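User: I am new to this model and would like to learn how to read it step by step. Could you take me from the overall fold to a single residue?

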Amino acid sequence: MNQRARRFQRAGFTLVELLVVITIIGILIALLLPAVQAAREAARQSQCANNMKQFGLASLHFEQANGYFPTSAWSSTNPPIRGYWTYLLPYLEQANVADMYDTTANWYDAKNAAAIRIELPCFRCPSTDVEPRTSSGTTDGVSWTGALMDYANLENVDSSVRTWLPDIYPTKNSTRGMTKDDATTLAADVKDGLSNSMLHAETARMPQIWTNGRNLDNYTEVGTTAASWASRGVWGGTNASFSPRGHTADGLTIPGPYVVNCTNYKGCYSFHPGLANIGMADGSVHAIHDSIDYKVFFELVSIDDGKIIDAKAF
């Protein structure tokens, strides 16, 4: 080939070479994408756990300042009706919201309308979708709109469990959890120990009802209505708590052995694959798998059943 011909010869990829390169890039992306997604989810789970860590420390600071853990919900009008999470505001570095919240008025009163609409980042798990962020309803003839949260404080083990497992829970007191309506809890009441007693858990995407990754548009499938469920998950209200009960695998029937990531209808529920975060009364946070034995889960909830379960084992 003479010099003139060589001057006009251009270097480059052949079509076959280009296809090979594209294929290799595609394979590398396919291999790396799951790892990237897993890393992102690990970061989201860590942030969720950090949220719950704040709740645990806030609850302990409240207890140190007042001598008891907050009531799950105060349902009388003297003092006014309010929920567990409103008590924690000053201890969650939310002094501005705490100052806005009028403790002399019911949570749904117009005086508290602006406060309960405030969306607090620590109340949202980053693994859930961002919508919806608020819920609206009517209580005692008063209309309200409240910001939502993906967590709940634990009350007692549900009464249906006591009927189902009378040999394990022979008395109502044996199902008592860390919080209770119209009553406070002393540290001395927690016979099983603060580190062995669950105080908070994930209940993501309330007030929608989710079962096994599916949003139930038909609330009657679980025996309730959208209107009656509207205040569930509103941090400023009295229904941001739950008493776990156990369900069948489809999440629609009680009792049953599925207690984690089966349904958020009176169950622990998250959008973390295969697990959910729980917070203990000593401020520690643990990830428990959705395969956890239901009896072990209930024993973590009850504070005086004589069964000492170490959450770190799960």
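Analyst: What follows goes from the whole chain to one residue, and the model is a predicted one.

User: How many helices and strands does the protein chain have?

Analyst: A count of secondary structure is a useful start, and here the protein chain comes to 8 helices and 11 strands.

User: What does the radius of gyration say about how spread out the protein chain is?

Analyst: The value is read against what the globule rule gives for the chain's length: for 314 residues the rule gives 20 Å, whereas the protein chain has 25 Å, well over that, so the chain is more spread out than a compact globule. The C-alpha trace can also be followed along its principal axes, where it spans about 100 × 50 × 40 Å.

User: What share of the residues is buried, and what supplies the exposed area?

Analyst: Of the 314 residues, 47% count as buried, while the chain exposes about 15,000 Å², of which carbon and sulfur atoms supply 55%.

User: How are the charges of the protein chain placed?

Analyst: One can compare the mean positions of the two kinds of charge, and for the 25 positive and 30 negative charges these lie 10 Å apart.

User: Where does His247 lie, and is it buried or exposed?

Analyst: His247 sits in the loop between β9 (241–242) and β10 (275–280). Burial is judged by relative accessible area, with buried meaning under 20%, and His247 has 2%, so it is buried. Beyond its neighbours within four places in sequence, His247 is in contact with several residues, including Thr253, Pro255, Tyr258, Cys262 and Lys266.

Notes
Residues numbered from 1 in each chain as written. Predicted model: local features only at pLDDT ≥ 70, side-chain atom pairs only at ≥ 80, totals over all residues. Heavy atoms only, no water. Helix = DSSP H or I, 4+ residues; strand = E, 2+ residues; numbered from the N terminus. Rg over C-alpha atoms; globule rule 2.2 N^0.38 Å. Buried < 20%, exposed > 50% of the residue type's maximum accessible area, 1.4 Å probe, protein only. Areas by Shrake-Rupley, 256 points an atom, 1.4 Å probe, with all protein chains shown as cover. Lys, Arg positive; Asp, Glu negative; His and termini not counted. Charge placed at Lys NZ, Arg CZ, Asp CG, Glu CD. Contact = heavy atoms within 4.5 Å.
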